[in-house]
Amino acid sequence: MTTRYARKTYRRTCICALTGLVFGVASLVIAQQKNIFTEEVYSRVEALFGKTGAADVAKWRQLVNSIENDDIDEKLYQVNRFFNRFDFVDDLRHWRQPDYWATPIEFIGTGAGDCEDYSIAKYFSLIELGIPKSQLRLMYVTALELNQPHMVLAYYPSPTSVPLVLDNINRRILPANQRRDLAPVYSFNGDGLWAAKSMGTGRKLRGSGPMKMWDDMIDRLNSVMLGDTQEQ
């Protein structure tokens, strides 16, 4: 997020509840990727992002396939490492928009993104690797040293355990209680939205409202994956 627009967008996003239907569609698309990553898909990726972008997407697919049967620690490590190698570029510079949620293909294809893009790409990858969405949350936090909103991915080994944090600022995967530089605010996944007074489970909130950026991202992902003719 950019500092100029972050607080406004952050506040708007945090009060929107993410519906299970929306995330269910997203999870289904990602889970099917190993079956539908065809030559046609790569052709569409190459048309959008060039040969280098398509080659990097292919490396992502190779990684997912190669660690499918590895233990959870290795999956977390490899996925975190793969995406953290891309450049951090804020949305205004990269997409000419104050806030933009890139698909994993857009993030990889352009080789850059911001904190949401790192976290979303890791979330989708780990779901495809068989980790239940109940163990994953996209978590909004305040990065205290930077004094700005930030997003990380939290992995919960059990429902009541302290989560492990996958982050692009501190690239080590650490328990949340060791990340004193982060102050949690909200987290979400396909099961709902939580207030996160601590880096633990938090209190589930009720609410409703559209998540337009998420819907738009899924539409763009479908356009590449499924050959949708809708405008990018």
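Glu 128 is buried, with a relative accessible area of 7%; here buried means under 20% relative accessible area, exposed over 50% and partly exposed in between, computed with a 1.4 Å probe on protein chains only. Its partner is Arg 61, which at 4% relative accessibility also counts as buried. Glu 128 and Arg 61 form a salt bridge, with their closest N and O atoms 2.5 Å apart. A salt bridge is defined as a side-chain nitrogen of Lys or Arg within 4 Å of a carboxyl oxygen of Asp or Glu.

The model is predicted: local features need pLDDT of at least 70, side-chain atom pairs count only at pLDDT 80 or more, and totals for chains, interfaces and linings use all residues. Residues are numbered from 1 along each chain as its sequence is written, and side-chain values use heavy atoms, with hydrogens and water left out.

The protein chain contains nine helices and nine strands. Helices (H or I, at least four residues) and strands (E, at least two) are DSSP runs, numbered from the N terminus. Of the 232 residues in the protein chain, 54% are buried. Contact means heavy atoms within 4.5 Å. Among contacts between residues at least 6 apart in sequence, 61% join residues at least 24 apart.

The packing of two helices comes next. Two packed helices are described by the angle between their axes and by the distance between the axes. Helix 4 (residues 39–66) and helix 5 (residues 72–84) pack at an angle of about 170°, and their axes are 11 Å apart. That makes helix 4 roughly antiparallel to helix 5. Angles under 35 degrees count as roughly parallel, over 145 as roughly antiparallel, 65 to 115 as roughly perpendicular and the rest as oblique. The axes themselves are lines fitted to C-alpha atoms, for helices over the stretch in contact, and the angles run from 0 to 180 degrees between N-to-C directions. On the side of helix 4, Asp 56, Lys 59, Trp 60 and Leu 63 meet Gln 78, Phe 82 and Phe 83 of helix 5. By class, this contact has four nonpolar, one polar and two charged residues. Ala, Val, Leu, Ile, Met, Phe, Trp, Tyr, Cys and Pro count as nonpolar, Asp, Glu, Lys and Arg as charged, and the others, Gly among them, as polar.

Trp 60 and Phe 83 appear again in the largest nonpolar core, which has 48 residues; those with the most contacts inside it are Trp 60, Phe 83, Ile 105 and Leu 126. A nonpolar core is a set of buried Ala, Val, Leu, Ile, Met, Phe, Trp, Tyr and Cys residues joined through side-chain atoms within 4.5 Å. At least two residues of the largest core come from each of helix 4, helix 5, helix 7 (104–110), helix 8, strand 3 (136–143), strand 4 (148–155), strand 5 and helix 9 (212–226). Another core, of nine residues, lies apart from it and includes Met 139, Ala 143, Tyr 156 and Ala 176.

The structure holds six salt bridges. In one of them, Asp 167 and Arg 179 meet through their side chains at 2.9 Å, N to O. Asp 167 lies in the loop between strand 5 (164–166) and strand 6 (174–175), and Arg 179 in the loop between strand 6 and strand 7 (182–189), so the pair ties together parts that are twelve residues apart in sequence. Asp 167 is buried at 1% relative accessibility, and Arg 179 is buried at 2%. Asp 167, Arg 179 and Asp 181 are linked in a network of salt bridges. Glu 46 and Lys 51 form a further salt bridge, with the closest N and O atoms 3.0 Å apart. Glu 46 is partly exposed, at 33% relative accessible area, while Lys 51 is exposed, at 63%.

The backbone also deserves attention. Most residues other than glycine have a negative phi. Arg 96, however, has a positive phi, near 60°. Arg 96 is placed in the loop between helix 6 (91–95) and helix 7, and is exposed, with a relative accessible area of 65%. Asn 147 likewise has a positive phi, near 55°, and lies in the loop between strand 3 and strand 4.

Finally, Arg 220 belongs to helix 9 and counts as buried at 13% relative accessibility. The C-alpha atoms of Arg 220 and Thr 103 are separated by 7.3 Å, although these residues are 117 residues apart along the chain.
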